[in-house]
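Biologist: I am new to this structure, and I would be grateful for a close look at one part of it and then at what surrounds that part. Please go step by step.

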Amino acid sequence: MALREVRTEGDPVLTKECKKITKMTPRTEELIDDMLETMYEYNGCGLAASQVGILRQLVVIDVDDGNQYVLINPEIVEKSGEETDYEGCLSVPGMRGKVTRAGKVKVRALDRSMEPIEIEAEGLLARCLQHEIDHIHGHLYTELVEGELLSADEMPEEEEPEEFLPESGEEA
Ligand code: NI
């Protein structure tokens, strides 16, 4: 396992559509392990392969709910409701912004054994899924931010969710 370099906003790789994965290979296995290590190292709650420069439809997610997700070719098949909250991204380090997303989503994907899985999510997991799936289609949350993009120390104290604190927080 090895840490991968996280690409930051302005790198054209982050704006590209990612290709579907059709079979598991040792190289993809290694990429998955490296992405998990990189996500945990930088306290992210999710990471998409494009963020480490690989244009494949692969994301890893861990929102500290006791589950670790490795999702291949993930797709949102249902969404409902609306929720606005602060979001961050490892590719936009140190910044936060308010984004409105669906409150609940149903996602279909393949797991790392290439078996189909379905996830029904709400709250932070639903937000993270939408954020990561945007990455695989070349989109950053900064396109959706309402109002100003804030640095962590500009965040209004009472609105700062613990998950998004700069030192221990989540960036995706
Ligand atoms: Ni992100």
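Modeller: Let me begin with the largest pocket, which has a volume of about 300 Å³ in this model, and the model, I should say at once, is a predicted one. Its lining is made up of R4, K20, I21, T22, K23, T25, R27, T28, L31, I54 and R56, and these residues divide into five charged, three polar and three nonpolar. Three of the lining residues, R27, T28 and L31, fall within helix α1, which covers residues 26–41, and that helix leads us to the sheet beside it.

The sheet in question is an open one of five strands, arranged in the order β1-β2-β3-β6-β7 with antiparallel pairing. Because β1 (46–48) and β7 each have a single partner strand, they stand at the edges, and one side of each is left without a neighbour in the sheet. On average, and with direction ignored, neighbouring strands here are turned by 35° against each other. Helix α1 packs on this sheet, where it touches β1, β2 and β3, and its direction makes about 40° with that of β2.

Going from strand to strand, β2 (residues 58–61) and β3 (residues 69–80) are joined in the antiparallel sense over four bridges; V60 has V70 of β3 as its bridge partner, while V59 stands opposite L71 in β3. Strand β3 is also paired with β6 (residues 104–110), again in the antiparallel sense, this time over six bridges, and among the pairs between them is E75 with R108 of β6.

Two residues show how this side of the sheet is filled in. K106 lies in strand β6, and it counts as buried because its relative accessibility is 15%, whereas the limit for that word is under 20%. Apart from its neighbours within four places in sequence, K106 is in contact with E75, I76, V77 and E78 as well as with E118, I119 and E120; the former four belong to the stretch of β3, residues 69–80, and the latter three to that of β7, residues 116–122.

I119 itself has its place in β7, and with a relative accessibility of 6% it is therefore counted as buried too. Its contacts, again leaving aside neighbours within four places in sequence, are Y69, L71, V105, K106, V107, L125 and L129. Of these, L125 and L129 fall within helix α2, residues 123–136. The C-alpha atom of I119 is separated by 14 Å from that of G66, a residue 53 places away along the chain.

Helix α2 lies across β1, β2, β3, β6 and β7, running at about 125° to β7, and following it takes us to another sheet. There, three strands form an open sheet in the order β4-β5-β8, with antiparallel pairing. Its edge strands are β4 (83–87) and β8 (146–151), each of which pairs on one side only, and neighbouring strands are turned by 25° against each other on average, direction ignored. Helix α2 packs on this sheet as well, touching β4 and β5, with its direction at about 70° to that of β4. Strand β5 (residues 95–101) pairs with β8 in the antiparallel sense over three bridges, and one of the partnerships between them joins M95 to S151 in β8.

Note on methods: Residues are numbered from 1 along each chain as its sequence is written. This is a predicted model: local features need pLDDT of at least 70, side-chain atom pairs count only at pLDDT 80 or more; totals for chains, interfaces and linings use all residues. Side-chain values use heavy atoms; hydrogens and water are left out. Two strands pair if DSSP finds at least two bridges between them. Axes are lines fitted to C-alpha atoms, for helices over the stretch in contact, and angles run from 0 to 180 degrees between N-to-C directions. Contact means heavy atoms within 4.5 Å. Buried means under 20% relative accessible area, exposed over 50%, partly exposed in between (1.4 Å probe, protein chains only). On a 1 Å grid over the protein atoms alone, a cavity is a set of points where a 1.4 Å probe fits but cannot get out, and a pocket is an open set with protein on both sides within 12 Å along at least five of seven lines; lining residues have an atom within 4 Å of a point. Grid points are joined across faces, edges and corners, and a volume is the space filled by probe spheres set on the points. Ala, Val, Leu, Ile, Met, Phe, Trp, Tyr, Cys and Pro count as nonpolar, Asp, Glu, Lys and Arg as charged, and the others, Gly among them, as polar.
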